[in-house]
Amino acid sequence: MKFFILTLISLNLYASGDHHHAEPVTLTDKAIKNFGIVCAPYNKQTFPSSAIVRSLNESRVYQCSKGSFIPEHADEIHDGEMVVIKGANFIKTVELSIEEGPAEGHGH
């Protein structure tokens with residue numbers, strides 16, 4: 001069921017915007033709940049390293065904004081701003097699937 005929800009979200013997001021820039025990833029309330037995404041105020045001293053998503057040679061965190069998650073460099077976030085502290089890797093997976101576009105199948 002989670003794969004089905006992820007696929008629907010990905011296809012819906014893919015059809016709605018430019019995929020070459022760090023665009024916000026928008027999820028339904030149900031997806032946020034099902035995948036355990038948690039936001040909290042950023043605090044440089046206590047920020048969990050598990051909330052940092054590393055990809056190739058960049059590290060990002062996701063800023064929370066009304067169901068949307070904006071990828072940002074950690075040094076662009078200020079104390080008190082709402083950021084994802086749990087579930088960031090799921091958001092990155094959705095973001096990558098948007099960039100790849102809809103699956104074309106294997107033709108088995």
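This passage describes strand pairing, a disulfide, an aromatic pair and the surroundings of one strand residue in a predicted model.

Strand 5, which spans residues 68-73, has partners in both strand 1 and strand 4. With strand 1 (residues 25-26) strand 5 runs antiparallel, the two being joined by two bridges, and within this pairing Val25 stands opposite Phe69 of strand 5. Strand 4 and strand 5 are likewise paired in the antiparallel sense, here over six bridges, and Phe69 in strand 5 serves as the bridge partner of Cys64. Phe69 is thus placed opposite Val25 and is also bridged to Cys64. The hairpin formed by strand 4 and strand 5 has two residues between the strands, and in this hairpin Lys66 adopts a positive phi near 50°.

A search of the whole structure returns one disulfide. The bond is formed by Cys39 and Cys64, whose sulfur atoms are 2.0 Å apart, and the link is left-handed, with -90° about the S-S bond. Because Cys39 belongs to strand 2 (residues 38-41) and Cys64 to strand 4 (residues 58-65), the disulfide ties together parts of the chain that are 25 residues apart in sequence. The two cysteines fall into separate accessibility classes, since Cys39, at 28% relative accessibility, counts as partly exposed, whereas Cys64, at 15%, counts as buried. Cys64 therefore takes part in the disulfide that connects strand 4 with strand 2, and in addition has Phe69 as a bridge partner in strand 5.

Gln63 also lies in strand 4. With a relative accessible area of 19%, Gln63 is classed as buried, because the limit for that class is set at under 20%. When neighbours within four places in sequence are left aside, the residues in contact with Gln63 are Ser68, Phe69, Ile70, Glu72, Ile77, Glu81, Met82 and Val83. Phe69, the bridge partner of Cys64, is therefore among the contacts of Gln63 as well.

Aromatic pairs in the model number two. One of them is formed by Phe35 and Phe90, which are stacked, with a distance of 3.8 Å from centre to centre and an angle of 10° between the planes. Phe35 is found in the loop between helix 2 (29-34) and strand 2, and Phe90 in helix 3 (residues 88-100), so that this pair ties together parts that are 55 residues apart in sequence. Both Phe35 and Phe90 are buried.

Technical notes. Residues numbered from 1 in each chain as written. Predicted model: local features only at pLDDT ≥ 70, side-chain atom pairs only at ≥ 80, totals over all residues. Heavy atoms only, no water. Disulfide = S-S within 2.5 Å. Helix = DSSP H or I, 4+ residues; strand = E, 2+ residues; numbered from the N terminus. Buried < 20%, exposed > 50% of the residue type's maximum accessible area, 1.4 Å probe, protein only. Phe/Tyr/Trp six-rings, centres within 6.5 Å; stacked < 30°, edge-to-face > 60°. Contact = heavy atoms within 4.5 Å. Pairing = 2+ DSSP bridges.
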